[in-house]
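Work through the following exercises with the structure open beside you, and try each task before you read its solution.

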Amino acid sequence: MNLKSNEPFWLLKNGLIASYPSLKSNEECDVLIVGGGITGSLIAHQMVAEGYKTILIDKREICNGSTSATTSMLQYEIDIPLFDLIEKIGKKGAVRSYKACSDAIDKIENLSEKIKSNSGFKRKKSLYFASGKKDSKWLKKEFEIRKSAGFDVKWLESEEIVEQFGFENTFGGILSKQGASIDAFKFSHELFKLNIKKGLRIFDKTEMVNIEYHKGYNLVSTDQGYQIKAKKIIYCIGYESKTLIKENFVNLKSTYAAVSEIDKTKFKNITSTLVWNTDKPYMYMRTTDDGRLLIGGGDEDFYNAEKRDAILNKKEKEILKNLKKIKPDYKFYTDFVWAGTFGETKDGLPYIGEHDKFKNSYFVLGFGGNGITFSVTGMEMASLFMQGKKHPLSRYFKFGR
């Protein structure tokens with residue numbers, strides 16, 4: 001296949017899995033979830049499981065936002081190294097945040113098995129290698145910190161990386177046992193399908209345009225003139241929260257990715273390993289459940305979708321140049337190349353919690369490379385919010401921290 005496209009790979013691979021109606025009547029619910037991506041699907045699953053009458057709306061088609069463009073690499077490693085995060089927020093919060101992401105991978109596996117998912121969840125190791133000699137020193141420090149915190153990690157010298165993975169021109173790296181990959185687009189649709197049978201109601205192409213705050217409930221008006229009376233609202237809108245919340249709490253970034261058929265004879269252990277490096281922006285790589293190689297990187301500040309997409313060809317060349325450094329003899333034939341937008345926070349952590357400008361409301365905003373695993377943690381945090389309780393990580397993920 002040789003179909004280069006600026007459409008996200010997961011959307012083209014899976015096609016139209018399901019369609020939903022737009023809102024055409026006034027409704028009432030216990031919980032209104034705004035945002036129909038992977039985060040919204042997980043939070044909806046939690047709310048339905050706990051017996052709340054739940055409605056979900058999205059201004060687009062379901063899962064056609066960031067969920068269709070994610071690389072779906074499930075890592076416990078946060079974009080900020082653990083030793084750096086410890087300096088920013090203290091050891092207790094940093095280690096607890098890393099462990100929450102690690103636990104989230106186990107929870108996704110359990111949920112995947114429970115619903116008999118066909119989304120290709122696969123356990124993988126994670127290789128984080130130094131792409132420059134100067135990076136080796138701090139990466140070794142990171143290894144020691146992770147090891148002392150109880151994570152299952154091993155240090156590999158450059159010769160061992162060549163032997164085990166066939167990657168040249170590295171300067172050592174951390175091999176972590178905990179990691180996985182999934183097709184988040186398909187997984188989200190599976191969760192929605194399951195929970196519709198249990199009472200979840202979904203309306204896409206339905207945009208929230210106004211909110212009236214009342215004692216004990218909110219009244220949401222949509223673009224078609226209908227209203228939803230909800231006791232609580234949970235926002236799962238990712239980087240689009242920047243248009244809703246006025247303060248500057250997240251920086252928007254564009255990332256680029258390409259997919260190709262893979263010559264497995266040229267790689268060692270690639271199908272069972274997530275790969276990323278210390279470059280800034282970092283390169284990342286994984287295989288897909290249908291046997292392709294996905295490689296990405298080239299992150300830069302986001303300005304608008306037109307400018308982001310206009311440099312796809314330039315970014316494709318940049319990504320493949322980085323691959324050439326570690327696999328000089330490998331020819332990558334691009335089938336798909338696309339761009340996505342994500343949010344980057346000052347400490348690599350999500351924003352999950354209440355905001356003083358939004359009454360009866362809660363935000364689950366998983367940013368950075370851990371959006372999916374943070375969203376799993378958000379399931380438990382949102383559950384406690386509904387009960388009027390706090391989660392141990394609330395202080396580290398809150399607005400205004």
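**Exercise 1: a first helix pair**

Helix α3 passes helix α4 in a right-handed crossing, and this, like everything that follows, is read from a predicted model.

Task: Describe how α3 and α4 are placed relative to each other, and say which residues make their contact.

Solution. Two packed helices are described by the angle between their axes and the distance between the axes. For α3 (residues 82-89) and α4 (residues 91-114), the axes come within 7 Å and cross at roughly 135°. An angle over 145 degrees would count as roughly antiparallel and one from 65 to 115 as roughly perpendicular, and α3 and α4 are therefore oblique to each other. The next step is to look at the residues: L82, L85, I86 and I89 of α3 make the contact with K91, G93, A94, V95, S97 and Y98 of α4. Sorted by class, the residues in this contact of α3 with α4 are seven nonpolar, two polar and one charged.

**Exercise 2: α3 and a second partner**

Task: Decide how α3 is oriented with respect to α5, and sort the residues of their contact by class.

Solution. Begin with the geometry, in which α3 and helix α5 (residues 133-148) pack with their axes 8 Å apart and at an angle of about 75°. Angles of 65 to 115 degrees count as roughly perpendicular, and α3 and α5 are therefore roughly perpendicular to each other. On the α3 side the contact is made by L82, F83, I86 and E87, and on the α5 side by W138, K141, E142, I145 and R146. By class, the contact of α3 with α5 holds five nonpolar and four charged residues, with no polar ones.

**Exercise 3: α2 and α7**

Task: State which orientation α2 has relative to α7, and give the handedness of their crossing.

Solution. Helix α2 (residues 38-49) packs with helix α7 (residues 184-196) at an angle of about 30°, and their axes are 9 Å apart. That angle makes α2 roughly parallel to α7, since angles under 35 degrees are counted in this way. The crossing in which α2 passes α7 is left-handed. In the contact, I38, G40, S41, L42, H45 and V48 of α2 meet A184, F187, S188, L191, F192, L194 and N195 of α7. The residues of this contact of α2 with α7 divide into eight nonpolar and five polar, with no charged ones.

**Exercise 4: a pocket and a cavity**

Task: Find which elements line the second largest pocket, and then which residues line the largest cavity.

Solution. The second largest pocket has a volume of about 250 Å³. It is lined by 14 residues, of which I115, E190, K193, L194 and N195 are the closest to its centre. The elements that give two or more residues to this lining are α2 and α7, and the largest share, four residues, comes from α7. By class, the lining of this pocket has four nonpolar, four polar and six charged residues.

For the cavity, a search of the whole structure finds one of 30 Å³ or more, and the largest cavity has a volume of about 30 Å³. Its lining consists of A69, T71, T255, Y256, A257, Y284, W338, A339 and G340. Strands β13 (251-261) and β17 (336-344) are the elements that give two or more residues to the lining of the largest cavity. Six of the residues in this lining are nonpolar and three are polar, while none is charged.

**Exercise 5: two points in the backbone**

Task: Locate the residue S72 and the cis peptide bond between K280 and P281.

Solution. The peptide bond that joins K280 and P281 is cis, with omega at about 0°, and P281 lies in the loop between β14 (273-277) and β15 (284-287). S72, for its part, has a phi near 55°, a positive value in a residue other than glycine. The place of S72 is in the loop between β2 (54-57) and β3 (73-74).

Methods:
Residues numbered from 1 in each chain as written. Predicted model: local features only at pLDDT ≥ 70, side-chain atom pairs only at ≥ 80, totals over all residues. Heavy atoms only, no water. Axes fitted to C-alpha atoms, helices over the stretch in contact; angles between N-to-C directions. Left-handed = near helix turned anticlockwise from the far one by under 90°. Contact = heavy atoms within 4.5 Å. Nonpolar A, V, L, I, M, F, W, Y, C, P; charged D, E, K, R; others polar. 1 Å grid on protein atoms, 1.4 Å probe; cavity = no way out; pocket = protein on both sides within 12 Å on 5 of 7 lines; lining within 4 Å. Points joined across faces, edges and corners; volume = space filled by probe spheres on them.
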